[in-house]
Amino acid sequence: MEKGIPNFLYSKLEVLYNNELNSIISGYNSKRKVTFRVNTSKTTVLEIEEILKSNDIDFSLVPWYSEALIIENVCEEDIKKLSIYENGEIYLQSLSSMMPALVVNPLDGESILDMAASPGGKTTQMANLSNNMALIMACEKNKIRADRLKYNIEKQGSKRINVVVSDARKLDEFFSFDKILLDAPCSGSGTLNISDSKICEVFTEELVSRSVKVQKELLSKAISLLKVGGELVYSTCSILKEENEEVVNSVLTSGLEIVPIDENLFDGIPLLPVSIDGTICVCPTKLYEGFYIAKIRKIK
């Protein structure tokens with residue numbers, strides 16, 4: 001047993017990832033470095049690098065994403081004091097959470113649904129990746145969180161995004177989309193900080209089971225809104241199979257197929273074993289949150 005990890009979670013991880021358990025615990029114990037994404041609709045990576053250098057801020061590059069930077073010697077609060085943050089020229093975002101939008105691969109003119117969009121990191125990233133030419137509907141059921149989403153979209157200067165204050169499970173069947181991103185509400189088992197004294201109060205079996213129920217409902221709704229031939233990306237910041245592969249398996253029918261994610265897209269990322277070939281699960285480390293991503297195509 002590991003101090004700080006809820007007993008039920010440790011037991012699950014021991015069964016699921018016996019060979020990787022020490023790596024996961026090490027990741028839980030690590031303080032992650034500050035990372036951000038450059039908003040290329042307002043500036044360039046080169047310009048941001050020059051500003052960092054002029055402020056004596058050390059950084060390193062991300063081999064699989066040219067628009068992401070890792071900060072080596074200052075904290076998040078220091079970055080927030082810079083004008084590039086205030087002006088929306090950068091967006092503070094974990095490396096793992098940058099991956100789903102890259103898997104979506106939003107293109108000019110596509111209609112895209114972001115089912116649980118706040119605070120807007122993935123929404124604005126998809127806008128950037130499509131050069132603000134994709135048509136994005138961003139759903140957020142909570143009014144306060146939706147206001148935060150709108151604020152970030154405006155700050156980033158993202159275009160062609162329609163914010164809908166609604167539970168995505170209640171969207172009218174009139175809608176249909178070329179692509180859907182469901183970054184589902186989850187337990188957060190991939191992002192735990194076991195130095196948090198309240199972890200056992202917050203991270204509970206009830207939280208996991210409640211998350212699974214919502215995930216299955218959202219994923220079923222997503223499939224109903226997806227055009228034939230369209231693609232759906234399902235992601236969580238959990239490493240528990242009951243929130244990941246088991247949720248995906250619960251909806252897979254003859255009308256759906258897994259689209260294998262090319263691991264070469266994310267060279268060097270530490271991965272955990274998965275039970276559905278073509279999906280990926282990121283191991284928590286000092287650089288990465290634990291994260292799961294699956295891509296599904298509707299074939300009929």
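In this predicted model, helix 1 and helix 2 come together through L9, Y10, L13 and E14 on the helix 1 side and L21, I24, I25 and Y28 on the helix 2 side. Sorted by character, the residues of this contact are 7 nonpolar, no polar and 1 charged. The two helices pack at an angle of about 140°, and their axes lie 9 Å apart. Since angles over 145 degrees count as roughly antiparallel, helix 1 and helix 2 are therefore oblique to each other.

Now to the cores. The largest nonpolar core has 49 residues, and L13, Y28, L113, I180, F203 and L232 have the most contacts inside it. Helix 10 supplies the largest share of this core, 8 residues. Here are some of the elements that give two or more residues to it:

| Element | Residues |
|---|---|
| Helix 1 | 7-16 |
| Helix 2 | 21-29 |
| Strand 8 | 177-183 |
| Helix 10 | 205-225 |
| Strand 9 | 226-236 |

F203 is a good residue to click on: leaving aside residues up to four places away in sequence, F203 touches P6, F8, L9, S187, G188, S189, L192, V208 and L240. A second, separate core of 32 residues includes M99, V103, V163 and F266.

That brings us to helix 6, where M99 and V103 are both buried, along with L95, S96, S97, M98, P100, A101 and V104. Because 9 of the 10 residues of helix 6 (residues 95-104) are buried, this helix is largely enclosed by the rest of the structure. Just after helix 6, N105 adopts a positive phi of about 55°.

Conventions. Residues numbered from 1 in each chain as written. Predicted model: local features only at pLDDT ≥ 70, side-chain atom pairs only at ≥ 80, totals over all residues. Heavy atoms only, no water. Buried < 20%, exposed > 50% of the residue type's maximum accessible area, 1.4 Å probe, protein only. Helix = DSSP H or I, 4+ residues; strand = E, 2+ residues; numbered from the N terminus. Core = buried A, V, L, I, M, F, W, Y, C linked by side-chain atoms within 4.5 Å. Contact = heavy atoms within 4.5 Å. Axes fitted to C-alpha atoms, helices over the stretch in contact; angles between N-to-C directions. Parallel < 35°, antiparallel > 145°, perpendicular 65-115°, else oblique. Nonpolar A, V, L, I, M, F, W, Y, C, P; charged D, E, K, R; others polar.
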